[in-house]
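Me: I am new to this structure and would like to go through it with you. May I put some short questions?
Reply: Certainly; please show it here.

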Amino acid sequence: MQIPPRSAVAIITNGSKFLLGKSTASDFRKGKWTFVGGGIDYWRGEDPVGAAVREAREESNSTVIPISEPFTVGARKDIVFIVCKYIEGLIIPNSEFHLMGWFDWDKLPVECLEQTVVIINGIKTGEIKII
């Protein structure tokens, strides 16, 4: 029996740039640049894509549309990633991030989570397909 994912992550793109936030988490993410994301509210009838869109709005004040199917990376099957296209919104980080900014895939900050770099490189090389 396959267990449904518990978290959804929005990979927000705007042309060749990605929106990243510098995490305030108290775990391994602290001080690292990463994507927005959070829990999937299945009890509300939410699916992973809906959760990614909601998390983008809650954590960055941005409106997005999904442009990929949900996918997983590596052994972590409990987290799904959805590439989303930025539509509008003044980027304002919530309390989960110190800062937010747009980064070109060839000029990522040094303090990125390793998984963030792997995903961006996968999109760049075409290994991760977007619609």
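Me: Is Glu46 buried or exposed?
Reply: Glu46 is buried, as its relative accessible area is 14%. Buried stands for under 20% relative accessible area, exposed for over 50%, and partly exposed for what lies in between, using a 1.4 Å probe and protein chains only. Please note that this is a predicted model, in which local features need pLDDT of at least 70, side-chain atom pairs count only at pLDDT 80 or more, and totals for chains, interfaces and linings use all residues. Residues are numbered from 1 along each chain as its sequence is written, and side-chain values use heavy atoms, with hydrogens and water left out.

Me: Where is Glu46 placed?
Reply: Glu46 belongs to the loop between strand S4 (36-39) and helix H1 (48-60). Helices (H or I, at least four residues) and strands (E, at least two) are DSSP runs, numbered from the N terminus.

Me: And what does the side chain of Glu46 make a polar contact with?
Reply: The partner is the side chain of Arg54, at 2.7 Å. The Glu46 side chain also reaches the backbone nitrogen of Asp41, at 2.8 Å. A polar contact is a pair of N or O atoms within 3.5 Å; within protein, one must be able to donate a hydrogen and the other to accept it, and residues adjacent in sequence count only if both atoms are side-chain atoms.

Me: New topic: how many disulfides are found in the whole structure?
Reply: The search finds zero. A disulfide is counted when a pair of cysteine sulfur atoms lies within 2.5 Å.

Me: Why is there no bond for Cys84?
Reply: The closest cysteine sulfur, in Cys112, is 18 Å from that of Cys84, so it is too far for a bond. Cys84 is buried at 0% relative accessibility, and Cys112 is buried at 10%.

Me: How many aromatic pairs are there?
Reply: The count is four. Among them, Trp33 and Phe103 are edge-to-face, with 5.0 Å centre to centre and 70 degrees between the planes. This pair links distant parts of the chain, 70 residues apart: Trp33 is in strand S3 (residues 33-34) and Phe103 in strand S8 (residues 97-104). Rings of Phe, Tyr and Trp (its six-membered ring) pair if their centres lie within 6.5 Å; planes under 30 degrees apart count as stacked, over 60 as edge-to-face and the rest as tilted.

Me: Are Trp33 and Phe103 buried or exposed?
Reply: Both Trp33 and Phe103 are buried.
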